[in-house]
Amino acid sequence: MFPLGSVLFPCVAIPLRVFEPRYLTMVGRLLDEDEPGFEFGVVLIERGSEAGGGDQRASVGTMARLVSAAAGAEDLLIVGVGTRRFTVERWVDEDPYPRAELSMLPDLEWSEALAPLRAEAEAVVRRLIARVAEPHADAGIELSDDPVAAVWQLAAIAPLGEYDRYTLLRSTSMGGLLRQVVDLTLEAEELWSAE
């Protein structure tokens with residue numbers, strides 16, 4: 001398990017700089033596995049620090065498939081891609097690195113009836129990105145052709161805080177996820193307008 005100060009969504013890549021001995025051990029063990037497609041869990045740290053442990057962790061997270069690793073002088077640069085969401089049933093012994101017993105959450109299912117809501121969510125997100133980022137920053141952001149992946153990617157690019165992202169991660173339906181993307185992005189837009 002890799003507790004972080006950020007949320008990972010399914011179908012989204014996450015680059016990580018690994019320098020703590022316990023996580024170097026974890027990644028080393030993943031790389032030693034004979035089977036390709038090794039995974040680790042990512043959970044949001046709700047309170048506390050990413051380094052050193054002693055943090056308070058969220059109960060819902062995302063598995064990440066390790067897709068690359070490059071050694072630096074005193075660290076590893078890895079990239080993972082989110083796969084499945086899970087609920088932490090309980091944390092177990094953290095020696096030599098954080099571990100937990102998990103239950104997988106069901107995948108959210110796409111329906112073509114959601115296409116108008118997805119279009120609305122994308123328009124709202126891109127409008128706010130254009131407002132808060134450099135001019136034309138959203139021009140290079142392409143979403144997957146797969147509608148499920150595209151919705152998770154849309155959630156990832158929405159300019160929201162980590163607790164709002166965690167709310168999105170906990171969605172129980174694709175329609176609910178899209179509705180929350182719209183609502184939370186509109187709330188964020190109001191805050192930007194007030195400044």
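**The largest pocket**

Begin the tour at the largest pocket, which has a volume of about 190 Å³. Of the 13 residues that line this pocket, select the ones closest to its centre: Met-1, Glu-39, Phe-40, Tyr-97 and Arg-99. Please note that the structure on display is a predicted model.

Next, colour the elements around the pocket. Helix 1 (21-32), strand 3 and strand 6 (99-104) each supply at least two residues of the lining. How many residues of each class does the lining of the largest pocket have? There are eight nonpolar residues, one polar residue and four charged residues.

**The largest cavity**

Keep strand 3 selected, since the next stop also involves this strand. The structure holds one cavity of 30 Å³ or more, and about 30 Å³ of space lies in the largest cavity. To display its lining, select Val-7, Leu-8, Val-42, Val-43, Leu-44, Val-60, Gly-61, Tyr-166 and Leu-169.

Which element gives the most to this lining? Strand 3 does, with three residues. Strand 3 (39-47), strand 4 (56-71) and helix 4 each supply at least two residues of the lining of the largest cavity. By class, this lining comprises eight nonpolar residues and one polar residue, with no charged residues.

**Helix 3 with helix 4**

Helix 4, a contributor to the cavity lining, leads to the next stop. Select helix 3 (residues 147-157) together with helix 4 (residues 162-169); their axes come within 10 Å and cross at roughly 165°. Helix 3 and helix 4 are therefore roughly antiparallel to each other, and their crossing is right-handed.

Now show the side chains where the two helices meet. On helix 3, select Trp-152, Ala-155 and Ala-156; on helix 4, select Arg-165, Leu-168 and Leu-169. The residues of this contact comprise five nonpolar, no polar and one charged. Leu-169 of helix 4 belongs to this contact, and Leu-169 also lines the largest cavity.

**Helix 4 with helix 5**

Keep helix 4 in view and add helix 5 (residues 174-194). The axes of these two helices come within 9 Å and cross at roughly 160°. How are helix 4 and helix 5 oriented to each other, roughly parallel or roughly antiparallel? An angle over 145 degrees counts as roughly antiparallel, and helix 4 and helix 5 are therefore roughly antiparallel to each other. The crossing of helix 4 and helix 5 is right-handed.

To view the contact, select Asp-164, Thr-167 and Leu-168 in helix 4, which meet Leu-177, Gln-180, Val-181 and Leu-184 in helix 5. The residues of this contact divide into four nonpolar, two polar and one charged. Leu-168 deserves a second look: this residue meets helix 5 and also takes part in the contact between helix 3 and helix 4.

**Helix 2 with helix 3**

For the final stop, return to helix 3 and add helix 2 (residues 115-132). The axes of helix 2 and helix 3 come within 10 Å and cross at roughly 30°. That angle makes helix 2 roughly parallel to helix 3. The crossing of helix 2 and helix 3 is left-handed.

Which residues make this contact? On helix 2, select Arg-118, Ala-121, Glu-122, Val-125 and Ile-129. On helix 3, select Pro-147, Ala-150, Val-151, Leu-154 and Ile-157. The residues of the contact of helix 2 with helix 3 comprise eight nonpolar, no polar and two charged.

Definitions and conventions. Residues are numbered from 1 along each chain as its sequence is written. This is a predicted model: local features need pLDDT of at least 70, side-chain atom pairs count only at pLDDT 80 or more; totals for chains, interfaces and linings use all residues. Side-chain values use heavy atoms; hydrogens and water are left out. Axes are lines fitted to C-alpha atoms, for helices over the stretch in contact, and angles run from 0 to 180 degrees between N-to-C directions. Helices (H or I, at least four residues) and strands (E, at least two) are DSSP runs, numbered from the N terminus. Angles under 35 degrees count as roughly parallel, over 145 as roughly antiparallel, 65 to 115 as roughly perpendicular and the rest as oblique. A crossing is left-handed if the near helix is turned anticlockwise from the far one by less than a right angle, and right-handed if clockwise. Contact means heavy atoms within 4.5 Å. Ala, Val, Leu, Ile, Met, Phe, Trp, Tyr, Cys and Pro count as nonpolar, Asp, Glu, Lys and Arg as charged, and the others, Gly among them, as polar. On a 1 Å grid over the protein atoms alone, a cavity is a set of points where a 1.4 Å probe fits but cannot get out, and a pocket is an open set with protein on both sides within 12 Å along at least five of seven lines; lining residues have an atom within 4 Å of a point. Grid points are joined across faces, edges and corners, and a volume is the space filled by probe spheres set on the points.
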